[in-house]
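Here's a quick tour of the hollow spaces in this protein. Have the structure open while you read.

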Amino acid sequence: MVKLYVHGQLIDGVSDDSISDGMIAWEGKTILYAGPYSQEAVNRYPGAETEDVSGKTIMPGLIDAHVHLTMYGKGSSVNDFLTDSATYTAIKASQMALRDLRAGFTTIRSLGDKASADFAVKRAVNEGLIEGPRILSSGKCISITGGHGDFVPGDVKLDTIGETCDGVEEVRRAARARLKNNADCIKLMSTGGGNSPGPGTASQMTVEEMRAAVEVAETRNVLTAAHCIGAEGIKNAMRAGVRTIEHASFLDDEGIEMALRGGHYISSTLCAFRTMEQPPEAGIPGYVVEKIRYFATAHYTGLKKAYKAGVKFMLGTDAGTPYNFHGCNAEEIWRFVRDGGFTPMDAIKAGTSVAAEGLRQDDIGVLAAGKTADILIVEGNVLEDVRILCRQENIKVIHNGKLVVK
């Protein structure tokens, strides 16, 4: 049966302006019409189930391009890495994915998970065994020995979110192993980071190592992403041909030019700065908080300059990092506006059409005829207050044409 929502403010995900009296029609998994309301448009669908959504916003399902399904927002993940079996990890990860979906995020990309559990969760969702968003999976990230993703001392064996590889051939083998598991993306650690020992800005994987992974990924048209904090590591990832740059805290003028010239997408993960906003009793290691505070001294400056220059930003939250909870992903939109100077519409585009483009997902992120029916109906006008999206009770979620029951 065709279903209609009429008289809502329609944000199609790509236009600069909304339609004040909008309408959307869909049947099964496919959108049939999205545009201005008219009786003529309604008459195309006799017998359709119609709902008046006056005072509400109709918009595309949101996309989070950077989550960790096997991290849960705790002050430290080490205990979970130690005590959770691979099977239990996958069960918990499935619940994190469901939280993201119920928050309006109909597509997520997981970028580094214990036991590569995201592969199992994606398969279970795709086969209809469990409910969840569309998942783009990466498995474990690839790190150098002692790098970001290699969290524990050398004499300790622990299943974490990373696999250590040194040299071009080891990286190439690891990338091929991910393709064997039907990865949608290969995640690389170009620099240090906040939640692992050592300097966060130091370059780690070499250009040659990252390029080897990119070459393997391109044989299957698979995405590549790189964790990048320091300026040189950001540029090294771009030189290697990595498509999406994660965090980019110390993005400088040269890096901005390289991003524009090379068509790279940046996922700024502003929600990750929740770490430094917590009280001392939160259980976050002190060195982690200090590093995140240091990253913040440059992060917002580079973000604002890059946005003004026209660099493409995708919404990515780094959900799962300390006090950065699954299901709270929409706060990234508010932080784009508050901390990055984005217009509300540009912040929404970062989580819809721009993210879909960056992730090569042609069927989502836009409300238009022929696209997949991932639709949000939101109480109120999100362009007047994007924080409306931060409250799940305000959002009705339709994913693949079906209502998500909360």
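Which element gives the most to the lining of the largest cavity? That would be α9, with three residues.

## Ground rules
This is a predicted model, where local features need pLDDT of at least 70, side-chain atom pairs count only at pLDDT 80 or more, and totals for chains, interfaces and linings use all residues. Numbering starts from 1 along each chain as its sequence is written, and side-chain values use heavy atoms, with hydrogens and water left out.

## The cavities
There are three cavities of 30 Å³ or more (on a 1 Å grid over the protein atoms alone, sets of points where a 1.4 Å probe fits but cannot get out). The largest cavity comes in at about 280 Å³ (the space filled by probe spheres set on the points, which are joined across faces, edges and corners).

Its lining (residues with an atom within 4 Å of a point) has 25 residues, and His-148, Asn-195, His-227, His-247 and Asp-318 sit closest to the centre. β11 (185-189) and α9 are the elements giving two or more residues; helices (H or I, at least four residues) and strands (E, at least two) are DSSP runs, numbered from the N terminus.

## The pockets
A pocket is an open set with protein on both sides within 12 Å along at least five of seven lines. The largest pocket holds about 430 Å³ of space. Among its 17 lining residues, Lys-29, Val-125, Gly-132, His-399 and Asn-400 lie nearest the centre.

The second largest pocket has about 220 Å³. Its lining has 16 residues, with Ser-76, Ser-77, Val-78, Phe-151 and Asn-195 nearest the centre.
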